[in-house]
Amino acid sequence: MNDIIARLCVKYPGTHLVDTKLIFENWSADHLIGDSLILEHVHPNLTGYALISEAFYDAMKKERLLTISKEKEMSFQQLLNEMPVTKVDSLSGAYRVSNLRKSWPFNEILQQPDSTKIQTEEEKLGWDLASKKLGWDSAMDSLYNYYIRLGLLQQAKKVVEALVLEYPAEADYYERVAMLSGKLNDSEDAIFYFGKSFELSPSFDKARMLFVLYFKLDRPADALPYLDYAINNNVSGMKLAPVKYIAQEIIQLQKNYLKDSSNISILSQIAEQYFKMGNQDGCIKIYQYGFKKGQQNKDVLALISEIKK
């Protein structure tokens with residue numbers, strides 16, 4: 001079968017071979033595919049599926065079917081670390097495979113839940129999910145509430161990220177991940193998920209969150225479309241016209257700095273505009289940027305100290 005697939009890919013120029021078997025063999029001890037990548041005798045485990053996605057991704061890049069900048073590209077290790085699979089999902093999978101292995105062609109005894117094995121909340125939910133005593137949505141809801149009660153925001157975020165993948169058209173899930181990302185001081189993720197939620201269901205509040213986050217990251221040009229939306233759909237009565245004026249001033253100053261990056265006074269002017277907004281994070285970004293460029297700016301530092309007061 002694999003030989004036929006390879007020959008067809010040579011025969012037809014519009015087809016592209018993704019040799020996942022070779023990649024699996026290269027990742028396996030002695031090139032023998034086993035339980036390091038396979039759950040039972042057929043299905044890949046999480047690492048196996050990650051390898052399949054990596055194989056297809058690399059093949060698409062090789063054939064120039066897609067291009068992506070290095071800054072935005074996710075490494076394979078990052079994929080493994082950040083895959084939104086909850087502990088309950090993993091445990092449920094382990095329990096189901098254990099159950100499978102009590103039948104032919106396996107010859108193992110099924111482990112029954114007992115006080116020494118099923119103790120934690122995740123283990124209980126995982127067992128109930130595997131035993132079909134609980135549906136997946138209910139298990140995720142219970143797990144999310146459990147993590148929130150304990151203040152485990154990173155774990156709670158992973159639960160909602162899993163829900164986002166399961167229900168990609170539900171704007172509320174994206175917004176919930178965005179809010180958790182904000183609490184975790186992960187502005188990039190907050191922007192990503194607020195942006196997705198806004199695409200599905202735009203609102204003034206989401207637009208406000210987005211332009212505020214972009215200003216914090218010193219990205220006024222990205223903030224502007226959401227600021228315009230907020231101005232045109234201003235249900236709060238906030239005075240946003242002055243904010244837009246300042247944003248346009250900063251964008252022009254940034255263009256001026258690109259033309260003359262040795263002019264440290266421009267950085268001071270940008271920081272001063274952020275100071276007018278009360279944007280301490282923006283001022284800090286400008287100071288850090290200048291520091292990296294060897295342009296230490298006492299004026300910017302003074303503005304940061306003033307905002308803190």
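**Reading a helical model, feature by feature**

Tutor: Lys196 is partly exposed, with a relative accessible area of 30%, a value that lies between the cut-offs of 20% for buried and 50% for exposed. Please keep in mind as we go that this is a predicted model.

Student: In which helix is Lys196 found?

Tutor: Lys196 belongs to helix H10, which covers residues 187-200. Although Lys196 and Tyr174 are 22 residues apart along the chain, their C-alpha atoms are separated by 6.5 Å.

Student: How many helices and strands are there in the chain?

Tutor: The chain has 16 helices and zero strands. Of its 309 residues, 32% are buried, and among the contacts with a separation of 6 or more, 52% are between residues 24 or more positions apart.

Student: How should I read the length of a helix, for example the span of helix H9?

Tutor: One compares the distance between the end C-alpha atoms with the span expected at 1.5 Å a residue; for the 13 residues of H9 (171-183) that expectation is 18 Å, and the end C-alpha atoms are 19 Å apart, which agrees.

Student: Which residues of H9 are buried, and what covers them?

Tutor: Ala171, Tyr174, Val177, Ala178, Leu180 and Ser181 are the buried residues of H9, and the elements that cover them include helix H7 (136-150), helix H8 (153-166), H10 and helix H11 (204-216). Tyr174, the partner of Lys196 in the C-alpha distance given above, is therefore one of these buried residues, each of them under 20% relative accessible area.

Student: Where do the buried residues of H13 fall, seen down the axis of the helix?

Tutor: Let us take the length of H13 before that: helix H13 (residues 241-259) has 19 residues and reaches 28 Å from its first C-alpha to its last, close to the 27 Å expected. Its buried residues are Val243, Ile246, Ala247, Ile250, Ile251, Leu253 and Tyr257. Viewed down the axis of H13, these buried residues fall within an arc of 165°, so they line one face of the helix. Ala241, Tyr245 and Lys259 are exposed on the other side of H13.

Student: How is a pair of aromatic rings described?

Tutor: Two values are used, the distance of the centres and the angle of the planes. In this structure the count comes to 10 aromatic pairs. One of them joins Phe192 and Tyr193, with 5.0 Å centre to centre and 85° between the planes, and this pair is edge-to-face. Phe192 counts as partly exposed at 44% relative accessibility, whereas Tyr193 counts as buried at 10%. Elsewhere, ring pairs link Phe198, Tyr214, Tyr226 and Tyr229 into a cluster.

Student: What sits over the ring of Tyr144?

Tutor: That is the charged end of Arg176, which lies 4.8 Å from the centre of the Tyr144 ring.

Student: What sign does phi have in most residues other than glycine?

Tutor: Most residues other than glycine have a negative phi, and the residues with a positive value can be picked out against that background. Lys132, in the loop between helix H6 (121-130) and H7, has a positive phi near 65°, and at 74% relative accessibility Lys132 counts as exposed. Asp218, in the loop between H11 and helix H12 (220-232), has a positive phi near 60°. Asn185, which follows H9, also has a positive phi, near 60°.

Student: Is Ser28 buried or exposed, and which residues is Ser28 in contact with, leaving aside its neighbours within four places in sequence?

Tutor: Ser28 lies in the loop between helix H2 (20-27) and helix H3 (46-62), and Ser28 counts as buried because its relative accessibility is 6%, with under 20% as the cut-off. Leaving aside its neighbours within four places in sequence, Ser28 is in contact with Ile33, Gly34, Ser36 and Leu37. The side chain of Ser28 also reaches the backbone oxygen of Phe24 at 2.7 Å.

Student: Where does Ser75 lie?

Tutor: Ser75 lies in the loop between H3 and helix H4 (76-82), and with a relative accessible area of 38% Ser75 is partly exposed. The C-alpha atoms of Ser75 and Glu54, which are 21 residues apart along the chain, are separated by 9.1 Å.

Definitions and conventions:
Residues are numbered from 1 along each chain as its sequence is written. This is a predicted model: local features need pLDDT of at least 70, side-chain atom pairs count only at pLDDT 80 or more; totals for chains, interfaces and linings use all residues. Side-chain values use heavy atoms; hydrogens and water are left out. Helices (H or I, at least four residues) and strands (E, at least two) are DSSP runs, numbered from the N terminus. Buried means under 20% relative accessible area, exposed over 50%, partly exposed in between (1.4 Å probe, protein chains only). A polar contact is a pair of N or O atoms within 3.5 Å; within protein, one must be able to donate a hydrogen and the other to accept it, and residues adjacent in sequence count only if both atoms are side-chain atoms. Contact means heavy atoms within 4.5 Å. Rings of Phe, Tyr and Trp (its six-membered ring) pair if their centres lie within 6.5 Å; planes under 30 degrees apart count as stacked, over 60 as edge-to-face and the rest as tilted. A charge sits over a ring if NZ of Lys or CZ of Arg is within 6 Å of the ring centre and within 35 degrees of the ring normal. The expected span of a helix is 1.5 Å times one less than its number of residues. The arc is that of the directions from the helix axis to the C-beta atoms.
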